[in-house]
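Visitor: I am new to protein structures. Could you walk me through this one, one question at a time?

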Amino acid sequence: MSKRIDVKDLNVYYSKFLAVEDVNINIEAKSVTAFIGPSGCGKSTFLRTLNRMHEVIPGARVEGEVLLDGDNLYGPGVDPVTVRSQIGMVFQRPNPFPTMSIRDNVLAGVKLNNTKISKGEADVLVERSLQGANLWNEVKDRLGKPGSGLSGGQQQRLCIARAIAVEPQVILMDEPCSALDPISTLAIEDLINELKDQYTVVIVTHNMQQAARVSDKTAFFNIAGTGKPGKLIEFGDTPTIFSNPTEKATEDYVSGRFG
Amino acid sequence: MTTTSLTKSRGAGHTGDKVFSAAALAAGCLILVVLFGVALFLVIQAFPALVASPDKIQGGEGFLTYIWPLVIGTLIAAVIALVIATPIAIGVALFISHFAPRKLASGLGYVIDLLAAIPSVVYGAWGVAFLAKEISPAYNWLANNMGWLPIFQGPASATGKTILTAGIVLAVMVLPIITSLTREIFLQTPKLHEEAALALGATRWEMIRMTVLPFGRPGIISAVMLGLGRALGETMAVALVLSSGALTASLIQSGNQTIAAEIALNFPEASGLKVSTLIAAGLVLFVITLGVNMIARGIITRHKEFSGAN
């Protein structure tokens, strides 16, 4: 139930501005890959191109290939809606649907893909997804209450439950802990560790300790200066990136001697 | 030496605060006073008609018999207007906010706002001189083919000056109100929620159904109620377009009348008890509008927990 992603010669543009240049990266199935780098280096932009969410931004476009187990996401006739139902996403700020109950939030994506689901099946799915997001015990007595009444960390786990309910191949996370307190962050990190048994996880983070804790592989992105495109500087096993990187820039960044 | 500095304060800042809060309070009170004044005026002036013996009221059968066909007529015209205008307005607003290219969207927005700036007498003139004539063949068709429905019972009015025509004119008049309000609401849908829906694999329309419409629900209701307020109270257009008469179920025959048009057409020549009767009709319209607004508030607050405002 999880697939690998191979990116070949990917350029991302905002209208004419080249935002991310020439990325080549191979993301293994059932692993956690972390993207680190300074603000504005294009790591979030690049992450969004992995499920075509960048298309929401007017003028954004890509050149190159992103292969999901060999199938090009940007091939002719590929529907971005299908891509996104296979590659889920969790955002920087928790965004459960405020007009829906906790239960309906979990089922939101499922109802899109498969409108006919019996109440029994739905109950099973809700419980399984919330269990999978380590949230079941906290919300099982109030599934009919609005999701916006939960704490920030709980909301983020609800968003993860919503993402895994559709059983995607890959889960992308765009700084999922940056709006959370340390305890909620720990809960999410534990969850990421469990998720990789079943899913391919890609996470963007500003927190280098987090990258070191949760990821198997780490990719370091950087920009040469304002107005220049972001580039993938180095990609390798997480321990190597943090203790023995090849590139000088990577070493400067991970050791805090940046800029 | 710093102990006193905490008790000192900037006098000017406080004066500004006081002036502002007094002005806000005065404005708040004024609106209540005006509303109360109007209500009081209506009740006092209407009183003679409410207690007069039935044979003195127009029609000779008392105030209730006089007013209820007008109430029904008013509601019919307003409901026709909303049934036509609401879906179109929401469609146009969604097109402007989520589908149209940016340049086209702003141009279209201006055009819609312009519709709201046209005086109602112009709409009335257009309704009677153009729409009524052009639409009467359609009424004949309705009478011939769907005449088994009481609302389309023939014979259709030859002039086209019917309550349906009046309702269509009202629909055009309330369209810009509902459109511009709902457009503003739709534009305020948080990007976060739209992206959440898209990232789950929603199509654009599914995204709108999951996020934009539920988020905009209270706003849509408010906008429709504002439109309803205008449709209920609109005088000139109905007075010009409608060839009024007794209450009839058929929407394509002449007949029916609205409260506002009844008052406008009869007030200039009224005297004595007739004036009181017309003002009492105005009081009824006031109460209807108030009731409609309270129901709308009730609907909005009942769903507060899920409104997205928390």
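Visitor: How many helices and strands does chain A have?
Guide: In this predicted model, chain A mixes both kinds of element. Helices and strands are counted separately, and the result is 10 helices and 10 strands.

Visitor: What is the radius of gyration of chain A?
Guide: Start from the C-alpha trace, which spans about 55 × 45 × 30 Å along its principal axes. With 259 residues, a compact globule would come out near 18 Å. Chain A agrees with that, because its radius of gyration is 18 Å.

Visitor: Which element of chain A has the highest confidence?
Guide: Chain A averages a pLDDT of 90, and 98% of the residues score at least 70. Confidence is lowest in helix 3 (residues 102-113) of chain A, with a mean of 88. At the other end of the scale, with 95, is strand 8 (residues 200-204) of chain A.

Visitor: Are helix 4 and helix 6 of chain A roughly parallel or oblique to each other?
Guide: Their stretches are residues 119-132 for helix 4 of chain A and residues 152-165 for helix 6 of chain A, and the axes come within 8 Å. The crossing is right-handed, at roughly 125°. The roughly antiparallel class needs an angle over 145 degrees. Helix 4 of chain A and helix 6 of chain A are therefore oblique.

Visitor: How many charged residues are in the contact of helix 4 of chain A with helix 6 of chain A?
Guide: From helix 4 of chain A come A:L125, A:S129, A:L130 and A:G132, and they meet A:A161, A:I164 and A:A165 in helix 6 of chain A. By class, five are nonpolar and two are polar. For charged residues, the count is no residues.

Visitor: Let's move to the other chain. How many strands are there in chain B?
Guide: Along the sequence, chain B reads α-α-α-α-α-α-α-α-α-α. That pattern goes with 10 helices, and the number of strands is zero.

Visitor: What is the radius of gyration of chain B?
Guide: The C-alpha trace of chain B spans about 90 × 55 × 35 Å along its principal axes. A compact globule of 310 residues would have a value near 19 Å. Chain B does not follow that figure, and has 25 Å.

Visitor: What pLDDT does chain B average?
Guide: In chain B, 95% of the residues score at least 70. Where pLDDT is low, the predicted coordinates should not be read in detail. The average for chain B is 87.

Visitor: Are helix 2 and helix 7 of chain B oblique or roughly antiparallel?
Guide: The axes of helix 2 (residues 63-99) of chain B and helix 7 of chain B come within 10 Å and cross at roughly 140°. Being roughly antiparallel takes an angle over 145 degrees. That makes helix 2 of chain B, relative to helix 7 of chain B, oblique.

Visitor: How many nonpolar residues are in the contact of helix 2 of chain B with helix 7 of chain B?
Guide: Among the residues of this contact are B:A77, B:L82 and B:I90 of helix 2 of chain B, and B:V212, B:I220 and B:L228 of helix 7 of chain B. Four residues of the contact are polar and none is charged. The nonpolar count is 14.

Visitor: Are helix 6 and helix 7 of chain B roughly parallel or roughly antiparallel?
Guide: Their axes are 8 Å apart and the packing angle is about 155°. Angles over 145 degrees count as roughly antiparallel. Helix 6 of chain B and helix 7 of chain B are therefore roughly antiparallel.

Visitor: Which helix of chain B supplies the largest share of the side that touches chain A?
Guide: The contact takes 19 residues from chain B and 22 residues from chain A. Helix 6 (191-199) and helix 7 (204-233) of chain B each give at least two residues to the side of chain B that touches chain A. The largest share, six residues, comes from helix 6 of chain B.

Visitor: What ipTM does the predictor give the complex?
Guide: The predictor reports two scores for the complex. The pTM is 0.82, and the ipTM is 0.88.

Conventions
Residues are numbered from 1 along each chain as its sequence is written. Chains are lettered from A and ligands numbered from 1 in the order in which they are written. This is a predicted model: local features need pLDDT of at least 70, side-chain atom pairs count only at pLDDT 80 or more; totals for chains, interfaces and linings use all residues. Two residues are in contact if their C-beta atoms, placed from the backbone, lie within 7 Å. Helices (H or I, at least four residues) and strands (E, at least two) are DSSP runs, numbered from the N terminus. Axes are lines fitted to C-alpha atoms, for helices over the stretch in contact, and angles run from 0 to 180 degrees between N-to-C directions. Angles under 35 degrees count as roughly parallel, over 145 as roughly antiparallel, 65 to 115 as roughly perpendicular and the rest as oblique. Ala, Val, Leu, Ile, Met, Phe, Trp, Tyr, Cys and Pro count as nonpolar, Asp, Glu, Lys and Arg as charged, and the others, Gly among them, as polar. pLDDT is the predictor's confidence in each residue, from 0 to 100. The radius of gyration is taken over C-alpha atoms; the globule rule is 2.2 Å times the number of residues to the power 0.38. A crossing is left-handed if the near helix is turned anticlockwise from the far one by less than a right angle, and right-handed if clockwise.
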